[in-house]
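Colleague: I would like to learn how to read a structure like this one, feature by feature. Could you walk me through it?

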Amino acid sequence: MGAALARHFLGAGDRVVVIGRSRAKFDALLATVTGDDRSAASRAEFVAADLSLVADSRRVVEHVQANHERIDALVLAASFIRQRRHTTAEGHEASWALFFISKYLFVTGLAALLRAAERPVVVNTAVPGARADAIDFDDLEMGEGFTFARSNAQQRRANELLGILATNDNLNLAYVTWGPARLVRSSFAGEVGKGMKVAAAVLGTLWGQRPDAAVRPIIDIIDAPAPGRAAYRGVKKRTLTVGDHDDEDAARLAAAVGHELS
Ligand SMILES: NC(=O)c1ccc[n+]([C@@H]2O[C@H](COP(=O)([O-])OP(=O)(O)OC[C@H]3O[C@@H](n4cnc5c(N)ncnc54)[C@H](OP(=O)(O)O)[C@@H]3O)[C@@H](O)[C@H]2O)c1
């Protein structure tokens with residue numbers, strides 16, 4: 001979906017920075033940009049990074065800060081699904097590092113560039129609607145009791161709380177947690193069991209949307225952002241999950257992640 005969005009905005013004449021692991025995939029993406037404008041390559045930039053590594057996420061933030069004056073839209077869409085707990089070379093639980101820590105570093109580290117935009121928007125492809133109590137603040141990396149379902153719910157809830165931190169800091173900012181209306185026929189990169197692989201392949205073939213169709217609602221959100229937090233499934237706005245102490249939880253999350261990264 002990230003590639004489909006990059007293709008769209010390059011075709012529309014925007015400058016796009018793509019962050020990923022594979023330059024070959026970036027080159028292939030550039031070759032598919034359509035439209036009359038032949039200047040896409042000069043408006044596209046690739047930054048190689050493994051976003052499950054804190055050092056790489058920090059390096060990207062520094063690179064973007066040094067080379068860009070403003071960010072109109074920040075799309076957080078890297079995905080690598082792991083059914084089992086996995087530790088990165090830096091010692092962090094890999095799904096938490098990719099699906100939350102890197103997003104936290106981007107949203108907080110690039111806040112000044114988002115503030116420089118007239119109508120800034122963050123689209124975080126973390127499916128909204130996780131339970132308000134899905135975060136184990138005392139064991140964010142799930143040293144105990146890791147399951148795919150718990151890990152998935154925790155990062156989704158954390159990404160909603162990240163929206164509270166981001167919009168408190170920038171009243172102009174639109175912060176959207178977004179999930180597709182139904183399965184998207186994407187690469188489903190990850191280390192998953194045969195059951196999940198087969199289910200995704202079968203369901204994707206039968207009911208899956210093409211990525212370029214699935215991202216249409218994201219394009220509309222980016223083109224006309226509304227300040228504040230919002231949650232969407234496809235084109236449909238969803239009610240934001242409201243817990244008893246969301247502001248306190250958001251502050252607690254920031255403190256716990258700060259401690260993790262110190
Ligand atoms: N597809 C669905 O039906 C669905 C449903 C619900 C939510 N979502 C969410 O939508 C978002 C996009 O998903 P998608 O379906 O487009 O996924 P995808 O096709 O698997 O693409 C994920 C992208 O992330 C990149 N990536 C993976 N690990 C990375 C890493 N460590 N560092 C940097 N880049 C990395 C991949 O590049 P490489 O291949 O080069 O690693 C790939 O370009 C995700 O947040 C996902 O959770 C998708």
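**Core, ligand and buried residues**

Modeller: Happy to. The largest nonpolar core has 41 residues, and L74 and L253 are those with the most contacts inside it. Keep in mind that this is a predicted model.

Colleague: What is the general idea behind looking for such a core?

Modeller: In soluble globular proteins, nonpolar side chains tend to be buried together. Here, the elements that give two or more residues to this core are α4 (54-67), β3 (73-76), α5 (94-109), α6 (111-115), α7 (148-169) and α11 (246-261).

Colleague: Which element gives the most to this core?

Modeller: That is α5, with ten residues.

Colleague: Let us turn to the ligand. Where does it lie with respect to domain 1 and domain 2?

Modeller: The idea is to ask which domains supply the shell. Domain 1 (1-48) and domain 2 (53-261) both give residues to the shell around the ligand, so the ligand lies between them. There are 23 residues around the ligand, and R21, K25, T125, V184 and S186 come nearest.

Colleague: How do the residues of that shell divide into nonpolar, polar and charged?

Modeller: The shell has 13 nonpolar residues, seven polar ones and three charged ones.

Colleague: And which polar atoms should I look at around the ligand?

Modeller: Look for pairs of N or O atoms within 3.5 Å. A nitrogen atom of the ligand is 2.8 Å from an N or O atom in the side chain of D50. A ligand nitrogen is also 2.8 Å from a polar backbone atom of L51. On the oxygen side, a ligand atom is 3.1 Å from a polar backbone atom of S79. As for cover, the ligand taken alone exposes 910 Å², and the protein buries 83% of that.

Colleague: Now single residues. Is D246 buried or exposed?

Modeller: The cut-off for buried is under 20% relative accessible area. D246 has 11% relative accessibility, so D246 counts as buried. This residue lies in helix α11, and its side chain makes a polar contact with the side chain of R157 at 2.8 Å.

Colleague: What about R43, which is in helix α3?

Modeller: The same reading applies: R43 counts as buried because its relative accessibility is 13%. Helix α3 covers residues 40-43. A polar atom of the R43 side chain lies 2.6 Å from the backbone oxygen of D14. Sequence separation and distance can be read side by side too: R43 and Q209 are 166 residues apart along the chain, and their C-alpha atoms are separated by 28 Å.

Colleague: Which other residue of helix α3 could I look at?

Modeller: Try A40, which is found in that helix. At 7% relative accessibility, A40 counts as buried. Between A40 and A112, 72 residues apart in sequence, the C-alpha to C-alpha distance is 26 Å.

Colleague: And how do I read a residue in a loop?

Modeller: Check its cover and its backbone as you would elsewhere. P225 sits in the loop between α10 (216-223) and β8 (228-233), and is buried, with a relative accessible area of 9%. The C-alpha atoms of P225 and D72 are separated by 10.0 Å, with their positions 153 residues apart along the chain.

Colleague: What is the phi of M142?

Modeller: It is positive, about 50 degrees, although M142 is not a glycine. M142 is placed in the loop between β5 (121-124) and α7. With 2% relative accessibility, M142 counts as buried.

Technical notes: Residues numbered from 1 in each chain as written. Predicted model: local features only at pLDDT ≥ 70, side-chain atom pairs only at ≥ 80, totals over all residues. Heavy atoms only, no water. Near = heavy atom within 4 Å. Polar contact = N/O pair within 3.5 Å; in protein donor to acceptor, adjacent residues only side chain to side chain. Areas by Shrake-Rupley, 256 points an atom, 1.4 Å probe, with all protein chains shown as cover. Nonpolar A, V, L, I, M, F, W, Y, C, P; charged D, E, K, R; others polar. Domains from an automatic or database assignment. Core = buried A, V, L, I, M, F, W, Y, C linked by side-chain atoms within 4.5 Å. Buried < 20%, exposed > 50% of the residue type's maximum accessible area, 1.4 Å probe, protein only. Helix = DSSP H or I, 4+ residues; strand = E, 2+ residues; numbered from the N terminus.
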